[in-house]
Amino acid sequence: MPKTTLDDCALWGGAKLFGEPKPTSGLHRPSEDRFFAYAQSIFSSRQLTNNGPLVRQLETRLAAMHGTKRCVTFCSGFMALLITVHTVALPGRSEVVMPSATYRRMADIVRWAGLTPCFTDIDERTMGVDAAQYRQRVTDDTALLLGVHPIVKMSDVTGLEALSCETGVPLIFDSVEAAYGTIGGKTIGSFAQAEVFSMHASKFINGFEGGYVTTDDEDLASKIKRVEAFGFKAQDVISELGCNAKLNEVHAAMSLACLDEIEEQIGHNRNIFDCYEKALKGLPLDLVHYDTSEKRTWKNIVVRLQDGWVFSRDELLMILQSENILARPYYSPPLHIKDGVVVSLPVTEAVTASSCVLPSGAHVSETDVADIATFLHFVHAHRKTIKARLVQGTLA
Amino acid sequence: MKQYISQLGIFGHEPLFGSILPVGQINLPDEDRFREMFHGIFQRRYYTNHGMLAVELEDSLCRLFGTRNALVMTNATICLSLICKALGLPTGGKVIVPAFTFAATVQALTWAGLEPVFCDVDPASHCLTGDLVASLANGEGVCAILGVHLWGNACDVSGLQHVAAEYGLKIFFDAAHAIGCTLDGEPIGGFGACEAFSFHATKILNSAEGGCVSTNNDELAEKLRNLRSSYGRRERVETSIDGYGRFSEAQAALGLISLEDFPKNCESNRKKIKLYSEGLASVPGIRILSPTPREMHNYQYMVLEIEESTFGLSRDELVHVLKAENIHARRYFVPGMHRCVPYNKQFPQFVEALPITDSLCSKVMQLPSGQRVTEEHIGDICLLLRFIQEHAAAIKGIL
């Protein structure tokens, strides 16, 4: 139901705009038949895990999609990142240069690897990492450059590759939000020493849980593959410290089923993005745009609050979430603030404080977007009275 | 059955079995039940982040363990690493642990920034005892004891707890093998600060990959929930580091089906262990590591020690001969963790310090078990083992 008065808002006793939550997560549901067709292999191979036929098939297909020689899958994106950081970082050095505006567990992943995060600021234009900032942070103790692509635009990966080449410090990328994309026509996944992706249900490929790494370095891929399976080089032969980070066959079946449907998913995402673009016109909310000359998933809807939008980011999120619009802050708080690290990162602080992510993915229809936008127009039109009520509420 | 040693697979004859008989349960779910459970997931469109199936599995596991908390996680190795953080074990701290265990037990400590203090084991039980641990408990930096209930038989829990109390050490258990087993009639799951179980495909309760932590300590459980994910936590609790150990609805579906099948699979395992035990009882040089009498057990492993001097072949030679018959028996644990990289380099003081472990590492093996192994197979395997033993000298001569 569209809102006509303030009392129609859920914050003040009205019915929620949506009966079901509208998330920002992908949550692609593949065809059940397709999933069961892949899963059939489990019953014929009698293999549920330990590098089974579905995992091997998935790794081959992902490597082909990203244009790399190798792909190694994992039980999660977290473990994919941890093992890649552990394996690629230069031994005997302790620091990892990385952004602060990123995945909230990223600094702790670096710490699990026994290393120390060294936070850098981001590029205002791309919201991604900035090679010039990385250059300032590289010292004799830098073990790794950990680049991250932001969730709509792309980071300056070629600038970072040049820095890595020049300094001899290896470079890896967390490219989960850039999956499927291209830079100058070259596919994401084929840059740096290795690129890391998540297959959590909320991501581009829904594997229930999962992750993967792509690389052209055969030795690195083989080493990572050993580390994720207890360091076994052969039966009863352990060649290095390992752990368990294997992807199981059921998750691999799900990932394969989703991989068959990526064009369909991107078509949906593009429609949703276009709807937002049209429907948000006239509001002081700046929709962050994709580069139309490259391949993109079009999945993420990021808006930056402009002058003239009277609500703070947190007020906006409160208003939206009360209506079951599960908008989220953009990488907030950034990691240096979360961890109490004293460092000046003005762009990171400005961007994360003024940006949020709006619902998209399989659970959001074009009608939903129209309803969300109508509600945002309503909120903006009644900004003075809503703001006054919020302030009163806060004071009360 | 073979009548002459020339008929052995190792001498080029066709193998005793047409397909491979592996070690490990690999109990597949019923296909219709699998479809039904996964159809439900697709209907709900809820795939992970502590969904309703994960909650249901945790509730069932609490009842099985008789504990206040059971927390399902990605796998048992991750369980063990997250436990170390939840217990607040300090970086660089030392943990007393057996070297006669699967690699995961020790590797999980390393990822949590801890150092192993390798302890020898009891030759009869293959597990730690209070007496063995006591001699190491006073070492500088020792902060915890990690006992392992190997083969589903409880280690010396009261002995270990006594030492832990005396020296102010934390104590927790790797119970990867021990689901459904008891100690003095009490289910394994409630001992120490917490216990970690494995739901790997080779285990009797399987979710393809997976694991779980059981504990009666609510505060520890809440820290573990926070370390696992923000989903499913009951309150926000500070931990020294954040982790990730989510368990998907797919894993939970498999775990629930496997739990339905659990009594049936235990009973089937029990019959198989009984057949093996009867069939091998009088074979010279074979010691069967039996499930602890008068306790509940899952009977998932058929564990033997091969005494070369009486059997006539070494364990490694026997495994080699069996493999050629498509009997994929496995050696445990080769090598012992104290002789594995990186520990043999980092902690060379343990390499020659564990004589019982070294001895077990050279003579312990497992025979095939689980869904693929029928009672007929077991009869044939026992006859073959007897045949091999009777002709051991001749076989060894040709080998």
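**Sheet in chain A**

I began with the open sheet of chain A in this predicted model. Four strands make it up, in the order S12-S13-S15-S14, and the pairing is antiparallel. Next I looked up its edges. Strand S12 (285-287) and strand S14 (328-329) of chain A stand there, each with a single partner strand, so one side of each has no neighbour in the sheet.

I then followed S14(A) to its partner. S14(A) and strand S15 (residues 355-358) of chain A are joined by two bridges in the antiparallel sense. Which residue stands opposite Arg328(A) in S15(A)? I found Val357(A) there.

I also checked what packs on this sheet. Helix H10 (residues 313-322) of chain A does, and it touches strand S13 (301-305), S14 and S15 of chain A. The direction of H10(A) makes about 20 degrees with that of S15(A).

**Sheet in chain B**

I turned to chain B and its open sheet of seven strands. I noted the order as S2-S10-S9-S6-S5-S3-S4, with mixed pairing. Strand S2 (69-73) and strand S4 (115-119) of chain B are the edge strands, and each pairs on one side only. From one strand to the next, the twist averages 25 degrees.

Inside this sheet I picked one pair of strands. Strand S3 (residues 94-98) and strand S5 (residues 142-148) of chain B run parallel and are joined by three bridges. I looked up Val95(B) and found its bridge partner in S5(B) to be Ala144(B).

Which helix lies across S2, S9 and S10 of chain B? I found helix H2 (residues 52-65) of chain B there. The strands it crosses include strand S9 (195-198) and strand S10 (211-215) of chain B. H2(B) runs at about 135 degrees to S2(B).

**Salt bridges**

I searched the whole structure for salt bridges and got 43 over all chains. One of them joins the side chains of Glu58(B) and Arg228(B), at 2.8 Å from N to O. I placed both ends. Glu58(B) is in helix H2 of chain B, and Arg228(B) is in helix H7 (residues 218-228) of chain B. The pair links distant parts of the chain, 170 residues apart.

**Interface of chains A and B**

I then went to the interface. There, 52 residues of chain A are in contact with 55 residues of chain B. The buried area is about 5000 Å², and carbon and sulfur atoms give 63% of it. Which residues of chain A lose the most area to chain B? I listed Phe43(A), Arg46(A) and Trp112(A), together 17% of what that side buries.

How many salt bridges are there between chain A and chain B? I counted five. Asp236(A) and Arg331(B) meet in a salt bridge through their side chains, at 3.1 Å from N to O. For polar contacts across the interface, I got 23 residue pairs, both residues at pLDDT 80 or more.

I asked which elements of chain A give two or more residues to the side that touches chain B. They are helix H1 (32-45), helix H3 (77-88), helix H4 (106-112) and helix H8 (249-259) of chain A. H1(A) gives the most, with seven residues. I sorted this side of chain A by class: 26 nonpolar, 15 polar and eleven charged residues.

**Backbone checks**

Last, I looked at the backbone. Most residues other than glycine have a negative phi, and most peptide bonds are trans. I noted exceptions.

Arg46(A) came up again, now for its phi, which is positive, near 55 degrees, in a residue other than glycine. I located Arg46(A) in the loop between H1 and helix H2 (53-66) of chain A.

In chain B, I found that the peptide bond from Tyr332(B) to Phe333(B) is cis, with omega near -20 degrees. Phe333(B) is in the loop between strand S14 (330-331) and helix H11 (343-346) of chain B. I noted another cis peptide bond between Val341(B) and Pro342(B), where omega is about 0 degrees. Where does Pro342(B) lie? I placed Pro342(B) in the loop between S14 and H11 of chain B.

Conventions. Residues are numbered from 1 along each chain as its sequence is written. Chains are lettered from A and ligands numbered from 1 in the order in which they are written. This is a predicted model: local features need pLDDT of at least 70, side-chain atom pairs count only at pLDDT 80 or more; totals for chains, interfaces and linings use all residues. Side-chain values use heavy atoms; hydrogens and water are left out. Contact means heavy atoms within 4.5 Å. Buried area is the accessible area (1.4 Å probe) that two parts lose on being put together, summed over both. A salt bridge is a side-chain nitrogen of Lys or Arg within 4 Å of a carboxyl oxygen of Asp or Glu. A polar contact is a pair of N or O atoms within 3.5 Å; within protein, one must be able to donate a hydrogen and the other to accept it, and residues adjacent in sequence count only if both atoms are side-chain atoms. Ala, Val, Leu, Ile, Met, Phe, Trp, Tyr, Cys and Pro count as nonpolar, Asp, Glu, Lys and Arg as charged, and the others, Gly among them, as polar. Two strands pair if DSSP finds at least two bridges between them. Axes are lines fitted to C-alpha atoms, for helices over the stretch in contact, and angles run from 0 to 180 degrees between N-to-C directions.
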